[in-house]
Number of protein chains: 2
Amino acid sequence: MDWLLTPGPVRLHPKALEAFSRPQLHHRTEPARALFLKARSLLREAFRTQGEVLILTGSGTLAMEALVWNLFAPGERVLVPVYGKFSERFAEIAESAGLEVDRLELPYGRVPSPDQVARPGYQGLLLVHSETSTGAMVDLPALARAFKEANPKGLVGADMVTSLLVREVALEAWGVDAAASGSQKGLMCPPGLGFVALSPWALERLRPRGYYLNLSRELKAQREGESAWTPAINLVGAVAAVLEKVLPKLPEHLALKAWQNDLLYRVGAELGLSPVPEVPSPAVAAFYLPEGVSYRAVKEAFARRQAVIAGGQGPLKGRVFRLSLMGYYNRYEALGVAALFREAFADILPAS
Amino acid sequence: MDWLLTPGPVRLHPKALEAFSRPQLHHRTEPARALFLKARSLLREAFRTQGEVLILTGSGTLAMEALVWNLFAPGERVLVPVYGKFSERFAEIAESAGLEVDRLELPYGRVPSPDQVARPGYQGLLLVHSETSTGAMVDLPALARAFKEANPKGLVGADMVTSLLVREVALEAWGVDAAASGSQKGLMCPPGLGFVALSPWALERLRPRGYYLNLSRELKAQREGESAWTPAINLVGAVAAVLEKVLPKLPEHLALKAWQNDLLYRVGAELGLSPVPEVPSPAVAAFYLPEGVSYRAVKEAFARRQAVIAGGQGPLKGRVFRLSLMGYYNRYEALGVAALFREAFADILPAS
């Protein structure tokens, strides 16, 4: 399969492939420590935080769980708007961590509004910035502000799994105290690393729990360029190499990602397809399946053209399909994908 | 640095490097499912179990924690012999999981004897097969038998992090119910995956806890070739490729690893060095530093020859050095390393 049009894992950045062709580094040596510190410093820049970014070996879900476990104690009350599969996951993680979770249930595709989270009595608000299952993006700064007006001591934790390096993000400037992300989305690297970004204020409020997930232990080690447990150091090298290339031209990169995702929506509109999200994220374009067309038919029309796409999750399973150019695609490849999208639908919906 | 003589991460198998040069696979596609199932089936063969092997994205420590969390409930009593850094870690993990832990403390370098673990009143025994910090190997079948005679319903959990593919291992035949390992040791792959092998009896006794570490959820997904959370699928491909190459010639491979480690001990003996372990593991050769010689001097003598070695951990820090040929080394490269070892010590201990 040549073109991965899935919203993660994604088509790899050539710098990531290059990093993986190197001989193994041992993580407790000077070259590895320098690489680890470089990756952390670049990630701090990417999350726009004066705090710290911890690199964990595991998936984005592990990073979400680490965030919840280390910032909230059992019995604390958190508000979790649920508007897709990943916000559902945030609520499940908080429940499994023993928190008292108030779910604010919204239909998949919608996003919470500031007045809906402006409710007092909470220690925290957990939000998914870019809800990959529906293609929706929330207004994180406005939601964080509204929540904090009602809960001045509350913490805002965000899932930035598919927004980091795809759309502008900022921790402190947005009132976000902690964020989770991973290597296999906007960073265009293979899966295997999760990141937890912590604002200076969140760092003061760390209440570590667990063993592998104990972020105080990680913090102590990572400040020295090491990690508490053996890290996927090859992948740390890939992340550093990609960030080093992308960050100096971040505005252009984000503009490209926005243009590419708009292009997918423009083609969808030409084809008469209805978008799923109320407010679209640039990470993925999600469309309802046309009446009488199965997901399988769409998937196969793309597969015949060597492209892999994604279906629906949760209540959207069998009702939507999703395309993403979050991976390493330039402007012209995106135009090629647009042509492929049109051709695939010409198979499915022959001209009447 | 050309030669990684550390006991993990290790010099990579060329099949691992080759696997990482491929375009990204999406884990929820047929080719990825087939690869995942192949890796699991080969791992089952490697652990010699009729049960299941779960592949987790994380380090070997994560796999150890998953084993403990999913087989024991808070308040249960486990016996944990402590004879090195990793058996110490097993005890800490069990304590952090809320178990009642009886530590059987032994000096670093020694190994527990069957009569020491033949004590009734325990739900489990946690043992490190190859204690990488001291180079010692325990007699796992004899210890499991002795423990189970005293505790017929007890479970035996083993850390096989540096024994898998380095020395013969077997789950059911040895009376071991669960074992943890990782990708960056005997498997000669980069770090980033942990494995938990579960015997048929352990599978019946799973009592899942946590979210990312919930093995029942993993089991359900992995039986279908998927995983509960995004896996480091590139690394799964590397593991499958290496196992496919090594398993058909496993006896020869284990004989080579044993011969290579013996070679390191023979050279050490020539040089008048004292071995650390009572019973040596083939994963690593650990020697006490000669009187008046610092670890730094030894490390630098190897570094001048482009080789990376390991020092002591815990109470052995500054007192020992460790060399390992667990990675991808053939017979002649091992002889080259033996020559390097002699030369390095000629710098340190000039002929009197």
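## Two annotated residues and a two-fold pair

In chain A, Lys185(A) sits in the loop that runs between β9 (178–182) and β10 (193–198). This is a predicted model, and the notes below look at Lys185(A), which UniProt marks as a modified residue in an unreviewed entry, at Arg322(A), which carries a "binding site" feature there, and at how chain B relates to chain A.

**Lys185(A)**
- The feature that UniProt (unreviewed entry) places at Lys185(A) reads "modified residue: N6-(pyridoxal phosphate)lysine".
- With a relative accessible area of 8%, Lys185(A) falls under the 20% cut-off and therefore counts as buried.
- Setting aside neighbours within four places in sequence, its contacts are Pro7(A), Gly8(A), Val10(A), Val161(A), Thr162(A) and Met326(A).

**Arg322(A)**
- Arg322(A) belongs to strand β14 (residues 320–323) of chain A.
- Arg322(A) is buried too, its relative accessible area being 6%.
- Beyond four places in sequence, the residues in contact with Arg322(A) include Leu5(A), Pro7(A), Ser133(A), Val284(A), Ile309(A) and Gln313(A).
- A polar atom of the Arg322(A) side chain lies 2.7 Å from the backbone oxygen of Thr132(A).

**How the chains pair up**
- A turn of 180 degrees, with a shift of 0.0 Å along the axis, lays chain B on chain A with an RMSD of 0.0 Å.
- The two copies are therefore related as by a two-fold rotation axis.
- Both copies use the same surface, as 100% of the contact residues of chain B recur in chain A.
- Gly58(B) is the residue of chain B that comes closest to the rotation axis, with its C-alpha at 2.4 Å.

Note on methods. Residues are numbered from 1 along each chain as its sequence is written. Chains are lettered from A and ligands numbered from 1 in the order in which they are written. This is a predicted model: local features need pLDDT of at least 70, side-chain atom pairs count only at pLDDT 80 or more; totals for chains, interfaces and linings use all residues. Side-chain values use heavy atoms; hydrogens and water are left out. UniProt positions are given in the numbering used here, feature names are shortened, and annotations may be inferred rather than shown by experiment. Helices (H or I, at least four residues) and strands (E, at least two) are DSSP runs, numbered from the N terminus. Buried means under 20% relative accessible area, exposed over 50%, partly exposed in between (1.4 Å probe, protein chains only). Contact means heavy atoms within 4.5 Å. Copies are superposed by least squares on the C-alpha atoms of residues with pLDDT of at least 70 in both. A polar contact is a pair of N or O atoms within 3.5 Å; within protein, one must be able to donate a hydrogen and the other to accept it, and residues adjacent in sequence count only if both atoms are side-chain atoms.
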